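Hi everyone, and thanks for coming. I'd like to walk you through a structure that is probably new to most of you, so please have a look at it with me.

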Amino acid sequence: MKMNTKTISLPRLNNLHPSLESTALKLMEEAGELGATIGKFRGLSGEKVEMDKHQVAEAISAELLDVAQTAVTMMFVLEEQFQIDVDQVLTRHVEKLVQKGYLKLD
Ligand SMILES: [Mg+2]
């Protein structure tokens, strides 16, 4: 089966002691920051945006990686504290995408 994928490697943060609750809260916080940055892009805040569109897109990308990092940190928490096999969950995730019709495997 072939899929077009984007592979990114994000580190296990070894100077933190995250819990399920703290990472979940952080994920929402980072998602909020991403939304705020996108709002800036669209001029929703009413403030004058000094950045050009590319700079804003870079800022959005940086916030998106914060979201991804927090999601990865939460995956490590689930593996280490709750014995979840993320690879197994990933397989079911892809099956779900196929079943919903979002992904066509060839
Ligand atoms: Mg952030």
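Let's start with a single residue, Ala-24. It has 14 C-beta neighbours inside 10 Å, and therefore counts as partly exposed; a buried residue would need 20 or more, and an exposed one 12 or fewer. You can find Ala-24 in helix H1. Now look across to Thr-73: the two residues are 49 apart along the chain, and their C-alpha atoms are separated by 9.8 Å. Please keep Thr-73 in mind, as we will come back to it.

Before going on, I should say that this is a predicted model. The average pLDDT for the protein is 92, and 95% of the residues score at least 70. Confidence is lowest in H1, where the mean is 94, and highest in H3, at 97.

Now the overall picture. How many helices and strands does the protein have? There are 3 helices and 0 strands, and reading along the sequence gives the pattern α-α-α. Taken along the principal axes, the C-alpha atoms fill a box of roughly 45 × 40 × 20 Å. The radius of gyration is 17 Å, whereas a compact globule of 106 residues would have one near 13 Å. Buried residues make up 4% of the 106 residues. As for contacts between residues at least 6 apart in sequence, 67% of them join residues at least 24 apart.

Next, helix H2, which runs over residues 53-82. With 30 residues, H2 reaches 42 Å from its first C-alpha to its last, close to the 44 Å expected at 1.5 Å a residue. Which residues of H2 are buried? They are Thr-70, Thr-73 and Val-77, so here is Thr-73 again, as promised. And why might buried positions in a helix be spaced like that? An α-helix has 3.6 residues a turn, so residues three or four places apart point the same way. What covers the buried residues of H2 includes helix H1, residues 20-41.

Just after H2 we meet Gln-83, which lies in the loop between H2 and H3. Its phi is near 55 degrees, a positive value in a residue other than glycine. Is Gln-83 buried or exposed? Gln-83 counts as exposed, because it has 7 C-beta neighbours inside 10 Å.

That brings us to helix H3, residues 86-100. At 1.5 Å a residue, its 15 residues should span 21 Å, and the end C-alpha atoms are 21 Å apart, which agrees. The number of buried residues in H3 is 0, so this helix lies largely in the open. Just after H3 comes Gly-101, which takes a positive phi of about 85 degrees.

Finally, let's visit the start of the chain. Lys-2 is found in the segment before H1. With 6 C-beta neighbours inside 10 Å, Lys-2 counts as exposed. Which residues does Lys-2 touch, leaving aside those up to four places away in sequence? The answer is Leu-105 and Asp-106. From Ile-38, on the other hand, Lys-2 is 36 residues apart along the chain, and their C-alpha atoms are separated by 32 Å.

One last reminder as you explore the model yourselves: where pLDDT is low, the predicted coordinates should not be read in detail. Thanks for listening!

Terms used. Residues numbered from 1 in each chain as written. Predicted model: local features only at pLDDT ≥ 70, side-chain atom pairs only at ≥ 80, totals over all residues. Helix = DSSP H or I, 4+ residues; strand = E, 2+ residues; numbered from the N terminus. Expected span 1.5 Å × (residues − 1). Contact = placed C-beta atoms within 7 Å. pLDDT = per-residue confidence, 0-100. Rg over C-alpha atoms; globule rule 2.2 N^0.38 Å.
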